[in-house]
Structure formats: structure tokens, C-alpha cells
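Biologist: Could you take me through this structure, beginning with its overall make-up?
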Amino acid sequence: MEPSTQNFLQRVAQKLVDQHGSDLRKCLVIVPGHRSTIYLKKHLGNLLGRTFWPPRFMTISDLFAEMSPHKLLAAERAPFLLYAAYKKTTADQEPFDAFWKWARTALADYNDIDNYLVDGKQLYQNLSDIKGIEEWSFEGDGLSDDQEYFLEFWDMLGRLYHQFQKDCLAANQVYSGLLKREAIESDRWQEIPQKWDSIHIVGFNALAPTEELLFKKLSAADNVQLHWDADGSYIEKNWHEAGHFLRRLAKNFPEIKELPATFGSRTPKIRVLQCTGDTSLSKMSAELLNNTPVDQHDQTALVLCDSSLLVSTLSALDTKLDKVNVTMGYPTNNNTVYQFFQTYIDLADMAQSNGGSLPISLFSRILKNALFRLVEQDFEVHVRDATETRPEKVFIGGIQDKLIHKNTPRIRKSNWQQLRTEQAIHRSLDLLFEPTLTIDALIKQLQDFVRIFRDSDTLDQWNTEFLFHISKALNKLGLLLEEFPLVTRIKTAKDLFSSMVGQQEMSFIGEPLEGLQIMGMLETRTLDFKHIILTGANEGKLPANSNRQSFIPYDLRKLFKLPTHHDQEAIYAYYFYRMLHQAEDITILYSTQKDTFGSGEKSHFIDQMNIDFGYGPKSEEVVVSPAPFKSASEFSMLTTPTIQASIKKSLEWLSPSKLNSFFDCPLDYYYRYVLGLGEPDSLEDNIGHADLGTIIHQVLEDSYGELKNNYFTEEALKKMLSEVGQTTFEEFKKKFGKSGFETGLNHLAYHVSVRFAKKIIEWDLKEVRAGNKIKIIKLEMELRQKIELKVFGEKFTTNMGGFVDRVDEYNGQVRIIDYKTGNADKKKLDLGKDFDSLLGGGKPHAMQVLYYSLLYANVHPESLPLQAGIVSPRNLSGGMLAFQANGETTINQEVLNRYKEQLGLALESMLDPELLFQHNAKSNYCQFCEK
């Protein structure tokens with residue numbers, strides 16, 4: 001059969017006109033969504049060409065609401081009514097904050113049970129029996145108290161379901177599933193066919209049993225017609241996801257089996273584009289729309305599988321496109337206004353749990369929020385002068401900069417009051433540091449923020465609309481908590497706020513019948529376009545992941561024919577294939593960017609088109625980001641007189657890290673020491689590697705401090721071992737406060753620090769027990785000297801300095817010891833017979849211990865010959881890893897003289913006027929700058 005030249009809604013409109021002419025007042029049209037209504041009215045107008053009486057349009061939810069004598073229970077009130085039923089159901093009651101954690105899951109299950117006409121008593125009896133079997137013991141042992149409590153919970157869920165039903169009906173407020181069940185099990189549906197001359201049910205696919213039963217009863221009347229929007233090719237194939245629901249419906253509506261199979265009768269142009277990430281997806285989608293011929297605008301739709309791509313796509317559109325209609329909602333949780341309020345509540349929740357102590361990185365998020373920045377006059381962005389140490393670096397001043405330089409992972413009330421100004425926006429954050437913070441005070445403060453932002457007159461119209469919706473939600477939340485004074489934890493209030501605002505979507509204003517259309521998958525129902533751009537077609541987005549929680553296990557859901565994740569996949573398959581019905585060309589874009597699980601997987605629907613119908617693309621095009629970043633290996637820098645002067649200035653002070661940086665990667669040295677571009681300042685909740693090393697060094701200094709100039713004894717070292725935990729605790733307390741390392745990564749870091757310190761003490765104890773005599777000479781010894789080197793045959797004076805972790809005497813031999821919390825490599829300390837290898841970039845440990853040995857020997861020449869090496873708790877089995885050259889582990893004056901020669905050669909390399917600063921491809925340190 002040849003496919004019709006009319007699209008689906010045009011065919012429906014034609015039937016309405018053929019049957020009723022221009023007076024459609026006594027017609028009822030039931031549609032899946034309001035977009036279908038808009039297009040049906042357009043097609044009716046085109047067919048009639050004059051003024052006409054339109055039919056009554058309703059969604060299926062509207063129809064059930066009209067049938068029911070009950071009011072629909074507001075979603076935010078449902079948990080409180082359920083809690084009232086819960087208190088009637090069980091004597092062992094949890095407080096509302098604990099109940100709330102599982103109540104939402106129970107509500108969703110109850111809604112499914114009624115919407116799918118399941119016998120709730122039988123289902124929960126089965127569930128209770130299953131859980132009882134799981135807890136049963138072959139040995140016949142009695143159940144523990146915890147097991148008894150566990151089984152009581154499953155028994156209670158069934159009782160709670162029936163009590164909640166009863167209470168809802170008595171209060172005349174029912175949830176959606178119960179409203180539909182109660183309506184369909186009554187006789188009120190019989191009034192519907194009698195009220196209308198004709199009823200048209202248009203474009204449905206996935207129906208719950210309540211909806212299917214209603215349509216079945218209605219279809220028995222002579223004046224009811226059903227219009228199915230599907231293709232026989234995927235209905236006939238029993239294995240095909242797209243026809244899953246239609247095959248099930250065909251048992252009650254046999255006409256579905258007669259639908260024509262038109263797939264394969266035409267071959268639309270289909271191409272697939274691989275994009276390198278979300279930004280590339282948005283830019284390419286916008287470019288395709290920008291290049292769409294004007295005469296195709298009304299027949300072109302951009303369908304976004306991922307709503308988070310909406311704003312970036314709109315931003316990339318050509319401003320000349322004056323007719324673009326957005327029918328999908330913008331997710332509220334992506335908006336700056338919402339994110340500010342959500343972050344503030346997160347902080348308040350933490351403050352309530354931590355006595356007014358807050359993690360500095362989360363607190364920093366609120367300071368950096370764009371909305372906060374708009375109204376905070378003290379935060380100004382400025383650019384440092386190019387003559388300063390870090391040229392042309394844009395940084396945020398004011399409080400944010402001060403917090404970074406405080407170098408503490410948590411902030412308290414005293415810290416904040418020292419930093420903030422007297423601005424209202426600053427004072428509004430004072431509440432976060434109150435350990436007795438209440439929910440009433442929090443909501444009042446949030447409402448104050450609404451007024452501050454509104455009065456500041458800094459928001460555009462779009463964000464002002466968001467602020468209005470948040471204000472309404474806060475007022476509603478305040479009234480709800482006043483009516484039901486059950487919430488004591490801010491975490492619960494946050495969840496309620498999120499359910500009221502964060503899961504909503506804001507609508508755009510546009511002309512739905514003209515110009516280019518931008519929509520989500522759901523909005524494509526019943527609509528047909530000739531030109532489709534499908535963006536974000538990755539697994540997890542097409543089909544979307546189902547993150548629904550349920551107390552009813554999968555096998556029991558299958559038994560009682562409740563919805564599972566397979567049903568959601570079938571719904572998306574139908575949406576996808578239905579889009580192809582009338583399309584002449586379709587462009588599909590997906591991202592190859594790695595996701596959390598390590599793959600950027602395209603939707604399986606893309607390959608399935610070709611396998612099922614020989615209908616898909618034969619090849620894929622790769623779209624590269626329009627402005628890819630250059631890798632570091634593509635950059636190089638020639639030495640100029642100005643640069644050479646900067647290098648010479650940078651060599652006024654030498655350090656092992658500076659020397660190792662140059663030989664490891666000259667380009668890294670150029671950025672770090674010539675331009676002064678260090679690592680970006682940041683605020684972290686968790687301890688970093690540098691801070692961890694500092695704490696371990698300080699613990700060792702504190703522990704060994706009492707033993708200076710005294711030989712180690714077994715008793716003294718054992719005492720140190722018993723006290724090292726408390727010593728480490730005190731150091732962590734200085735950094736994080738008492739509660740800043742009780743949990744999480746900082747807690748692990750604390751135990752790692754204790755273990756590292758213990759390993760070093762245990763190493764010394766082992767040496768003492770073996771009969772070796774060890775005495776501390778100096779800990780954390782600071783050394784600073786001017787050193788003369790020969791560079792290009794002339795004297796060159798530089799400053800050298802640093803801190804030696806430990807200088808000790810081992811059986812009369814002086815040792816220079818450097819602690820390392822990371823791994824130490826013995827090969828990086830061995831120069832063999834070739835001192836030139838010191839400048840090859842592969843001997844950083846040797847460079848460092850020789851550096852300290854030179855400085856120490858200059859002050860204490862009597863110590864020569866000495867030893868120097870690395871001690872790392874990670875590989876202490878072989879003791880200290882000692883520097884060696886020519887097989888010798890002692891450092892004498894000859895070794896130090898040769899080292900000074902190598903330093904002079906190093907400076908000659910750095911000051912070479914023809915030096916080319918370029919990336920060293922073999923460098924392990926900066927390997928990621930190539931990507």
C-alpha cells in the first residue's frame with residue numbers, strides 16, 4: 001500500500017470534516033497532549049477555510065478528572081497524608097524525616113498498583129512471603145529482632161496501602177492511580193458517549209490498564225472512533241520494541257492489526273554524525289538549523305534527547321532566525337537561580353549536622369554563583385598587570401580570594417564575620433553558621449533572598465520568571481510545614497523543595513505553528529515533520545535511563561504486569577520509529593565523549609533501523625569540534641632577549657624542583673618559572689597530596705624532636721609509636737577542626753598519615769634492635785647560601801636554599817635524609833659512572849639529595865664524606881635508598897665539585913640564546929597537557 005501524502009493529524013482532521021462539516025461542537029477529541037490539539041485546529045482550519053465551531057479537546061487525564069467526583073491530591077501533600085495513614089497502621093512508628101526516605105517509593109508503587117488494576121492485597125502478600133523465605137534458615141533458627149522488624153516492614157506496606165486508599169477517599173483527595181481506578185470501576189464512564197455526537201480517540205500507544213479499559217468500554221458505543229498512529233511493519237514483528245504496547249492493545253482493538261506496513265516502501269535520507277562532546281552537539285545542531293532553507297522551516301524539527309542541551313543550542317542559533325518555537329520545557333535544576341537556592345539549602349543542611357562548620361569548597365560555590373555575584377558589589381573581576389608575577393591571569397578578588405589564601409578546608413562563623421562586608425547579601429549568609437538553625441528560619445531567609453534578588457533589579461526576564469516560581473514554591477512549602485509540623489531535618493525540607501521546583505520545567509513562549517520547532521521526544525507524539533534533526537542519541541538518553549525506585553522486585557512486577565524498565569524502552573522505541581513515518585531526511589547526532597562508565601555509546605536504535613528494515617545510514621560522519629584545543633606538543637617558544645632576561649632573573653634562586661622541571665620538560669619550565677603560571681588556586685574539602693606530605697613531615701618532626709642529639713633507644717621509639725596517633729590527631733585538628741576528618745577521604749588520610757609515620761619509627765626501631773647507633777642532628781633544617789658557579793667560563797652567583805627533612809648520624813656516618821610520601825625509585829638515585837646523566841631529566845632524586853648535601857657540607861665540611869638518600873614508607877623494606885655514583889654510596893668533596901660543574905652546565909643550557917622551549921614527549925610529569 002502506498003503511504004498517504006497526508007500526515008497523521010491531517011488524516012484525522014479530514015475524517016472530522018467529512019463526518020461533521022464545520023460544526024464540531026458536539027465532538028469530543030481525546031489526544032495524548034495539548035500539542036496535538038494545536039495542530040489539529042490548524043489542519044481543520046486549512047480544510048474548512050472559514051470560521052468553524054471546534055470540537056472539545058481533552059487529554060486522557062482531563063477525561064478521568066471529569067469522570068471522578070474526587071479531587072486530585074497535590075503531590076506535595078501526599079507524603080503527609082500517607083504519614084497519617086502510617087500512624088494508624090503500626091504502633092512502632094518512625095519520625096517523619098525517617099519515614100520520608102521510603103515514603104516516595106511507596107507512593108509510586110501504590111500509584112502503579114491502582115493504575116494497573118492490580119490486586120494490592122495479593123501482591124503484598126506475595127511480597128511478604130518472598131521476604132519471609134529469604135530470611136528463612138535451613139537450620140530452623142529463630143529470627144533475630146532485626147529480621148522480625150524487617151519482615152514487619154513488608155507486612156506493613158500492604159496494610160498501609162489499604163489504609164491510605166481509605167483515607168484518600170474519605171478526604172475526597174485521591175492520587176492519580178486511585179482516581180483512575182475508582183473512576184473506571186464505577187459506571188460513570190457510561191455518561192461520556194451520551195454527552196457527545198461523536199468521540200475520537202487519537203494517537204495513543206502505551207496505555208495503562210485503567211486507560212485501556214476505559215477506551216475498550218467507550219469503543220463499544222457506535223459514536224466512538226479510535227485513530228491509531230503506527231506502522232504495521234513493527235507491529236507484525238513480535239520481537240520489535242516499537243510495537244510492544246500496540247500488540248498488547250490489539251487484543252481489545254483488533255483493527256490495530258490491519259494498519260498498513262509502509263516501512264520499506266520509501267527510503268528517506270538518513271545520516272549519522274559523531275560529535276566530540278555536548279558542546280559540539282549543540283553547535284552542530286544549531287548550525288544545521290541555521291542552514292535550513294527558509295521554505296523548509298515549517299517542516300523542520302530539532303528533537304533533543306537530552307534537555308540539558310537546550311540552552312547551549314539556543315545560544316548558538318543565528319539571531320536572524322526570528323521564528324523558532326521551543327515546545328520542550330527547560331529543566332529548572334539547570335538554572336542559576338535554582339542552583340543558588342539549592343546550594344544554600346545544602347549548606348544549611350551541613351551546618352545543622354556539623355554545628356555551624358562548613359566545607360569551604362561548597363561554601364565557595366555559593367560565592368561564585370552568578371546570581372550572587374550580580375548583586376554583590378565587592379566581587380569585581382580584574383586582570384593583573386602583565387608586569388606582575390602571574391601576568392594576564394583573571395582572578396576573583398574579595399572574599400573568594402581571601403578564602404583561598406586562608407588554606408583551610410572548613411569555615412566557621414568567626415572566619416566568616418572577619419571576611420564579610422555589611423552588605424545585605426553578605427549578612428544573609430550569617431544564618432548558615434548557626435548550629436541551632438531551624439527550618440522556619442531557613443525558609444524565612446530564603447524568602448529574604450527572593451526579595452534581595454528582586455529588589456536588586458539585576459535579573460533578566462527569564463531569570464525573574466524562575467525567581468517567581470521559586471517564591472511561589474517557598475510560600476507553599478512554608479504553609480505546608482505550618483499545616484504539618486512534622487519536619488525536623490533540613491535534608492527533608494530540601495527534598496520537598498526539590499520536588500516542588502527542581503523537577504519542574506519552565507515553558508518558552510513562541511508560535512507553535514510557524515518556523516523551526518525545537519522539542520523533546522515526548523512532544524513528537526502524533527506530529528510529523530519532513531526534516532528531523534535528532535540530537536544526543538546516546539544510550540541512556542535514547543532510550544532514557546529508568547531510575548525509578550520500587551519496593552516491588554522485577555519478577556513480581558512481571559507477574560502482576562506492572563511497568564518495568566523494558567516498558568520505558570518500548571515507549572522510546574515507538575517514539576523513535578514513529579518520527580520516521582513521514583520524514584524525508586533525518587540527521588542523527590550523538591556524542592563520543594566518554595561517560596562515567598567509560599564509553600560514549602550511541603543509541604542501539606541507530607543500528608537497529610538498518611537491521612530491521614534496511615532503513616538506516618550506511619556510514620557515519622565524524623564532526624570535529626570547530627575550535628579544538630591545541631596540544632602542548634604543538635607549542636614551542638623561541639628565546640628572545642626579553643625572554644632571556646626573564647630566564648636569568650628566574651635563576652637568581654635555584655631549587656631542585658626548578659632544575660628538574662627544566663630537564664623534565666622545558667616548556668613546563670617556561671610556563672611555570674619564566675611566565676610565573678603556576679597551578680590555579682582552588683578550594684578543596686579534602687586534603688591534597690602536598691598538605692598530606694606537610695602533615696606527615698610535621699608529625700615526624702614533633703615525634704623525633706625530643707630525641708635530638710641523643711642516641712635512639714628501644715624504649716624511646718616504642719613510646720613514640722604509642723603516641724604517634726595522638727600527635728597526628730593534633731596536626732589534623734589544626735587543619736580541619738575536631739569534626740573535619742571524622743568521615744570520608746580526610747578520615748582515610750588521617751589513618752594513612754598515622755601508618756606512614758609508624759612505618760618510619762618502626763624502621764628506626766628495627767635498626768636499633770640490630771645494634772646500630774642512630775642520633776638526630778637536625779630536623780627540618782633550613783639552609784640558604786649564595787653559590788658561585790662557572791657559566792660560559794664566567795662566575796655566576798645564585799641563591800640556593802631549602803629545608804632538609806632530617807640530618808642524622810648513623811654509626812658515626814652523617815646522613816642527609818629526605819622523606820617522600822610517594823614512591824621512591826632507586827634508579828633515580830644512581831648516576832652510575834656518568835655524571836652527565838644528572839642533566840638528562842631522569843635522575844630527580846639524585847639532583848635533590850646532592851643539592852642538600854652541597855649546602856650542608858658548605859656549612860659543615862667536617863661531615864664529609866657523608867651519605868644522602870630517600871626514605872619512603874611505601875618501600876622501606878630495603879631501608880634508606882642511598883645516592884650512589886661509580887658504585888660508591890658516600891658523597892665526598894670530589895662528588896660535590898662534579899655536581900657544581902653539572903649545575904653550571906645546567907645554567908648554560910637554560911641561558912642558551914638559541915634555546916627552543918618545547919614539550920618533552922617523554923615527560924611523565926606533564927603527559928596530560930598533550931590531551
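Modeller: The protein chain contains 34 helices and 27 strands. Please bear in mind that this is a predicted model.

Biologist: What percentage of the residues is buried?
Modeller: Of the 931 residues in the protein chain, 51% are buried.

Biologist: And how much area does the chain expose?
Modeller: The exposed area is about 44,700 Å², and carbon and sulfur atoms supply 49% of that area.

Biologist: Turning to the sheet with seven strands, in what order do they run?
Modeller: The order is 9-16-8-17-18-7-19, in an open sheet with parallel pairing. From one strand to the next, the twist averages 20°.

Biologist: Which strands stand at the edges?
Modeller: Those are strand 9 (324–326) and strand 19 (620–623). Each has a single partner strand, so one side of each lacks a neighbour in the sheet.

Biologist: How many bridges link strand 9 to strand 16?
Modeller: Three bridges join strand 9 to strand 16, which covers residues 516–520, and the two pair in the parallel sense. In one of these strands, strand 16, Leu 516 is the bridge partner of Val 324.

Biologist: A different topic: is helix 16 mostly covered or uncovered?
Modeller: Helix 16, spanning residues 360–368, is mostly covered, with seven of its nine residues buried.

Biologist: Which residues are those?
Modeller: The buried residues of helix 16 are Ile 360, Ser 361, Leu 362, Phe 363, Ser 364, Ile 366 and Leu 367.

Biologist: Lastly, what share of the contacts with a separation of 6 or more comes from residues 24 or more positions apart?
Modeller: Such residues account for 76% of those contacts in the protein chain.

Key. Residues are numbered from 1 along each chain as its sequence is written. This is a predicted model: local features need pLDDT of at least 70, side-chain atom pairs count only at pLDDT 80 or more; totals for chains, interfaces and linings use all residues. Side-chain values use heavy atoms; hydrogens and water are left out. Buried means under 20% relative accessible area, exposed over 50%, partly exposed in between (1.4 Å probe, protein chains only). Helices (H or I, at least four residues) and strands (E, at least two) are DSSP runs, numbered from the N terminus. Two strands pair if DSSP finds at least two bridges between them. Axes are lines fitted to C-alpha atoms, for helices over the stretch in contact, and angles run from 0 to 180 degrees between N-to-C directions. Contact means heavy atoms within 4.5 Å. Accessible areas come from the Shrake-Rupley method with a 1.4 Å probe; for residues, only the protein chains shown count as cover.
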